[in-house]
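Open the model in your viewer and keep the sequence panel beside it. The stops below say what to select and what is there.

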Amino acid sequence: MELSEKQKLQAETNIKAGIERIQSFQTSNGGFAYWPGNTDADEWGTNYAGHFLIEAQNLGYNVPSSLLTAWATYQQNKANNWMLGSGEKDLNQAYRLYTLALAKSPAL
């Protein structure tokens with residue numbers, strides 16, 4: 001789709017604001033909460049936020065390395081400790097592994 005200069009500027013502004021806002025959702029263990037200030041990471045939200053950050057970085061946006069490093073550490077830990085039938089949805093694990101691969105930090 002062809003975007004006007006105004007639309008391109010608005011998209012860039014929104015992406016930068018999204019990166020800034022996502023930081024307020026990060027928990028102390030590196031995951032991302034469903035709401036800012038919550039202390040428990042949400043598995044799907046963590047996957048989704050990390051995916052957004054990786055794609056933004058790949059497009060040349062400035063994503064703080066500490067934000068992605070903490071996220072990747074959290075995701076690696078969750079991936080390595082995941083067990084089939086553990087109660088966590090398989091789709092969460094699949095998405096987690098996909099985003100870790102995108103971040104060039106794959107897990108089995």
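The tour starts with the whole chain and then goes through helix pairs and single residues.

**Before you start**

This is a predicted model, in which local features need pLDDT of at least 70 and side-chain atom pairs count only at pLDDT 80 or more, while totals for chains, interfaces and linings use all residues. Residues are numbered from 1 along each chain as its sequence is written, and side-chain values use heavy atoms, with hydrogens and water left out.

**Stop 1: the whole chain**

Show the chain as a cartoon. Its secondary structure comes to four helices and zero strands, and the order from the N terminus is α-α-α-α. Helices (H or I, at least four residues) and strands (E, at least two) are DSSP runs, numbered from the N terminus. Along the principal axes, the C-alpha atoms fill a box of roughly 50 × 30 × 20 Å.

Of the 108 residues, 34% count as buried. Buried means under 20% relative accessible area, exposed means over 50%, and partly exposed is in between, with a 1.4 Å probe and protein chains only. Among contacts (heavy atoms within 4.5 Å) with a separation of 6 or more, 54% join residues 24 or more positions apart.

**Stop 2: Ile 22 in H1**

Select residues 5-22, which form helix H1, and go to Ile 22. Is Ile 22 buried or exposed? Ile 22 has 13% relative accessibility and counts as buried. Leaving aside neighbours within four places in sequence, its contacts are Phe 32, Ala 49, Phe 52 and Leu 53. Leu 53 is 31 residues from Ile 22 in sequence, and their C-alpha atoms are 8.7 Å apart.

**Stop 3: H2 against H3**

Select H2 (residues 43-58) and H3 (residues 65-81). The axes of H2 and H3 come within 11 Å and cross at roughly 135°, which means that H2 is oblique to H3. Axes are lines fitted to C-alpha atoms, for helices over the stretch in contact, and angles run from 0 to 180 degrees between N-to-C directions. Angles under 35 degrees count as roughly parallel, over 145 as roughly antiparallel, 65 to 115 as roughly perpendicular, and the rest as oblique.

The crossing of H2 and H3 is left-handed. A crossing is left-handed if the near helix is turned anticlockwise from the far one by less than a right angle, and right-handed if clockwise. To see the contact, show Glu 43, Thr 46, Asn 47, Gly 50, Leu 53, Ile 54 and Gln 57 of H2 with Leu 67, Leu 68, Trp 71, Tyr 74, Gln 75 and Lys 78 of H3. These divide into six nonpolar, five polar and two charged residues. Ala, Val, Leu, Ile, Met, Phe, Trp, Tyr, Cys and Pro count as nonpolar, Asp, Glu, Lys and Arg as charged, and the others, Gly among them, as polar.

**Stop 4: the loop between H2 and H3**

Select Asn 62, in the loop between H2 and H3. Asn 62 is exposed, with a relative accessible area of 68%. Measure out to Asn 14: the two are 48 residues apart in sequence and 13 Å apart from C-alpha to C-alpha.

**Stop 5: H2 against H4**

Keep H2 and add H4 (residues 90-102). H2 and H4 pack at an angle of about 20°, with their axes 10 Å apart, so H2 is roughly parallel to H4. Their crossing is left-handed. On the H2 side the contact includes Trp 44, Tyr 48 and His 51, and on the H4 side Leu 91, Tyr 95 and Tyr 98 are among the residues met. By class, this contact has seven nonpolar, four polar and three charged residues.

**Stop 6: H3 against H4**

Swap H2 for H3. The axes of H3 and H4 come within 10 Å and cross at roughly 135°, which means that H3 is oblique to H4. This crossing is left-handed. Trp 71, Ala 72, Gln 75, Gln 76, Lys 78 and Ala 79 in H3 meet Gln 93, Arg 96, Leu 97, Thr 99 and Leu 100 in H4.

Zoom in on Gln 93 of H4. Gln 93 is buried at 4% relative accessible area, and a polar atom of its side chain lies 3.3 Å from the backbone oxygen of Ala 79. Then pick Gln 76 in H3, which counts as buried at 18% relative accessibility. Beyond neighbours within four places in sequence, Gln 76 contacts Leu 100, Ser 105, Pro 106 and Ala 107.

**Stop 7: after H4**

Finish at Lys 104, in the segment after H4. Lys 104 counts as exposed, at 71% relative accessibility. Its phi is near 60°, a positive value in a residue other than glycine. Most residues other than glycine have a negative phi.

How values were computed:
Polar contact = N/O pair within 3.5 Å; in protein donor to acceptor, adjacent residues only side chain to side chain.
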